[in-house]
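Here's a quick briefing to read alongside the model. Have the sequence and the 3D view open as you go.

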Amino acid sequence: MGVTSPLKGQSHSRSLTRKLLPYVLYALLPIAVFRFYFHPFPFPLSTLDQLPHPNQEEIANETPCNYTYGRWVHDKMGPLYNGTTCGTIKEGQNCITHGRPDLGYLYWRWQPSQCNLPRFDPNTFFNLLSNKHIAFVGDSMARNQLESLLCMLATASYPNLVYKNGEDNKFRRWHFASHNITVSVYWSPFLVKGVEKSKTGPDHNELYVDVVDERWGSDLEHIDMVVLSIGHWFLHPAVYYEGGSVLGCHYCPGLNHTEIGFYDVMRKAIKTALKAIIERKSTDGNGIDVFLTSFSPSHFEGEWDKAGACPKTKPYEEGEKMVEGMDADMRSIAIEEMEAAKVNAKQFKGLRLETLDVTKLSLMRPDGHPGPYMYPFPFANGVQEHVQNDCVHWCLPGPIDTWNQIVLEVIRRWSVVSKREE
């Protein structure tokens, strides 16, 4: 009976291992990627996050930070949440669960030119706004920003949906029982009274530029902080009314109205909204914090219904893209009207107003939109002739989370100044 050599058996075993190893690695790779995204390993703190957060005295003595100017820098920390840990993401913005293959757009943070922007801390937000009602009022960008905030807050405390109404749940309210904070969204794409175009009604919008939209205006006495966001709906055809008469229109062929564009109308709408807030909140004695979000540019390249409508996978470099044209004009209107409202509000106590100037930092992020991944796995059956793209709204998580980082920092500085003045 022959005896097998131990060396020969070992050689056969090593040969088999070498053959099987590539297959094992290919099998483990998708598992590792899945594990990394849905349960990310903690990264070492970046240099910025290792720096101590400024205390209240330091904040009070600093020059207010200008968050408008800066650049996007790579950040290994990544987002606070993902598509599975947050249950309030609108389907059209849940890019990763819809099959977006690249994850690089998640790992950038906004670095202002002359100061630091700390990572969003949900507990700081809760402590500063406990027992308050925060309202997001405007178009779908307001809803996009609201859902970003809910996702970041949900990493520390779960929000309970306590009210919903309207088509596509355009009016909703959540409650954080841990700190008695209410967060609401009000659909009001013009801020003023309006009739939206519909299949059964007019094929254009109708705006009453001197009448505030009472769908949110009537609740002002119960609101402690409001974030206003409008812009894109003013691009649509519309007829405008002021003082009960037709003021003019925007793109209304066939109607006997004067074409006046939309810039001045948008200005009037913002002015009416801010005037209503100041007048109503200056008399109820409760005060209010008001943010007006500046215009967020879209990033369509070529035809909107073709593959590759917003194909970029990383931010623009500084100087590669400038705020100009319509984007610049829309931004200027928001800033100018907010500055005028600040002057008006100075005579009253408890009113704090600020522009949330996100136009440039948003313009620099062509990679942050859902694009074709507004729908699940759009290329599962190959590239189709027509592919609907969303190059307006933002993936969640995504660049829009930075907007809420800035809001928190402004509120924190306001709080320090307020305590110093007591």
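What follows covers the nonpolar cores and then one pair of helices. Keep in mind that this is a predicted model.

**Nonpolar cores**

- The largest nonpolar core has 47 residues. If you want its best-connected members, look at Phe 125, Ile 134, Phe 136, Val 183, Met 225, Phe 291 and Trp 403, which have the most contacts inside it.
- Several elements chip in at least two residues each: the helices α4 (122–128), α5 (140–153) and α10 (401–421), plus the strands β3 (133–138), β5 (171–176), β6 (181–187) and β9 (225–229).
- The largest share of this core is from α5, with eight residues.
- Apart from that core there's another one, of 43 residues, and Leu 228, Ala 276, Phe 295 and Ala 345 are among them.

**Around Phe 291**

- Skipping neighbours within four places in sequence, Phe 291 touches Met 225, Val 226, Val 227 and Leu 228, among others.
- Its contacts also include Met 338 and Glu 354, along with Val 407, Val 410, Ile 411 and Trp 414.

**The α7/α8 pair**

- The axes of α7 (residues 263–284) and α8 (residues 325–345) come within 10 Å and cross at roughly 30°. Angles under 35 degrees count as roughly parallel, so that's what α7 is to α8.
- The crossing of α7 past α8 is right-handed.
- On the α7 side, the residues meeting α8 are Tyr 263, Met 266, Arg 267, Ile 270, Lys 271, Leu 274 and Ile 278. Their partners in α8 include Met 326, Met 330, Ile 333, Met 338 and Ala 345.
- Sorted by class, this α7–α8 contact comes out at twelve nonpolar, one polar and five charged residues.

Conventions
Residues are numbered from 1 along each chain as its sequence is written. This is a predicted model: local features need pLDDT of at least 70, side-chain atom pairs count only at pLDDT 80 or more; totals for chains, interfaces and linings use all residues. Side-chain values use heavy atoms; hydrogens and water are left out. A nonpolar core is a set of buried Ala, Val, Leu, Ile, Met, Phe, Trp, Tyr and Cys residues joined through side-chain atoms within 4.5 Å. Buried means under 20% relative accessible area, exposed over 50%, partly exposed in between (1.4 Å probe, protein chains only). Helices (H or I, at least four residues) and strands (E, at least two) are DSSP runs, numbered from the N terminus. Contact means heavy atoms within 4.5 Å. Axes are lines fitted to C-alpha atoms, for helices over the stretch in contact, and angles run from 0 to 180 degrees between N-to-C directions. Angles under 35 degrees count as roughly parallel, over 145 as roughly antiparallel, 65 to 115 as roughly perpendicular and the rest as oblique. A crossing is left-handed if the near helix is turned anticlockwise from the far one by less than a right angle, and right-handed if clockwise. Ala, Val, Leu, Ile, Met, Phe, Trp, Tyr, Cys and Pro count as nonpolar, Asp, Glu, Lys and Arg as charged, and the others, Gly among them, as polar.
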